[in-house]
Amino acid sequence: MTSAPSIAGHQDPSLNDHVFSEIATSARALAGLKIPENKRSLVQSRLSRRLRALGLSSFEDYLKVLHEKDAGSEREHFISALTTNVTHFFREPHHFTALETECLPALLDRAREGGRVRLWSAGCSSGQEAYCLASIINRLEPEAGSMDIRILATDIDRAVLKTAQSGAYPDHLASGLTKQQTDALFAPSASDGTLTVRSELRSMVTFKELNLIAPWPIKRPFDVIFCRNVVIYFDASTQNALWQKFVSVLAPRGRMFLGHSERITEPSKYGLEPCGLTAYRPAALDHAQPPRAQTGST
């Protein structure tokens, strides 16, 4: 296999069958990622940047670094390089419409009565999804900040979480948003072209690092789970295990939203039923009945 030219004008080192297999095995062990053969050139290109950053000349040397006991930081770079953090505000808008019209009316009634409401943005990337959830809640209920309503936003990548926690984005990311959406999301624009998420929305969201295939430090259920365009990176067995884990933390009348290309095969195996485009809820419940108020902390 010939080596590909790097972006710096040098030749990237070759990635032979054995080393590619070792990289794919490491990606699955560390984060449950599925790296098929047709992604070899992508893996070579992205990890070659890590070799240059570390001053290494071969992928064999890189694997040695990756497997060292104190290589936690490099493992984070490794997973970040192999995943694609592509997101934008109000991506797949039909899910936000369903949230607003089908989920939030009863949940906000509960919150107004002193009940607990929890949402989870799993695989939140740089935070746009979580802030969109917060903006809809705040628009429907301007006093939401004083109620027991919280959004957990998690990702495996510390770099994107840092961006998410800052709540600051370049203004071109607002292109395509309506004026209502822009005003609901952002404070008045700064002169440097930076969009800053409103403070009342930021206070509603907690960002945490979480590897979805590792144990979850989650004790209480979520009323809404957004896990979109995440499980496409996992193989079938990992996906099946994740469906079971998500169901275990989904409230009896909760709702789970997946990405546009993701489906749960035989959702009834997990006690779920479809309730819209890539949306699921626990089966065999009278969903017309309003949920009872819940109180307590996370």
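Start by selecting Arg228 in this predicted model and showing everything around it: Arg228 touches Arg91, Glu92, His95, Phe96, Ala122, Glu129, Phe257, Leu258, Gly259 and Glu262, leaving aside residues up to four places away in sequence. Arg228 lies in the loop between β6 and α10. Is this residue buried or exposed? With a relative accessible area of 8%, Arg228 is buried, because buried means under 20%. Now add the side chain of His95, which makes a polar contact with the side chain of Arg228 at 3.2 Å.

Next, select Leu212. Its partners, again not counting residues up to four places away in sequence, are Trp120, Ala122, Cys227, Val230, Leu242, Lys245 and Phe246.

From here you can open up the largest nonpolar core, which has 44 residues. Which members touch the most others? They are Trp120, Leu212 and Phe246. Colour the elements that give two or more residues to this core: α1 (17-31), α2 (40-54), α3 (59-66), α4 (72-82), β1 (117-122), β6 (222-227), α10 (236-248) and β7 (250-258). The most comes from α1, with six residues. For a second, separate core of 43 residues, pick out Ala98, Ile137, Tyr169 and Met204, which are among its members.

Finish with α1 and α2. These helices pack at an angle of about 80°, their axes 11 Å apart, and are therefore roughly perpendicular to each other. Show Asp17, Phe20 and Ile23 of α1 together with Arg40, Val43 and Leu47 of α2 to see the contact. By class, this contact of α1 with α2 has four nonpolar, two charged and no polar residues.

Key: Residues numbered from 1 in each chain as written. Predicted model: local features only at pLDDT ≥ 70, side-chain atom pairs only at ≥ 80, totals over all residues. Heavy atoms only, no water. Core = buried A, V, L, I, M, F, W, Y, C linked by side-chain atoms within 4.5 Å. Buried < 20%, exposed > 50% of the residue type's maximum accessible area, 1.4 Å probe, protein only. Helix = DSSP H or I, 4+ residues; strand = E, 2+ residues; numbered from the N terminus. Contact = heavy atoms within 4.5 Å. Axes fitted to C-alpha atoms, helices over the stretch in contact; angles between N-to-C directions. Parallel < 35°, antiparallel > 145°, perpendicular 65-115°, else oblique. Nonpolar A, V, L, I, M, F, W, Y, C, P; charged D, E, K, R; others polar. Polar contact = N/O pair within 3.5 Å; in protein donor to acceptor, adjacent residues only side chain to side chain.
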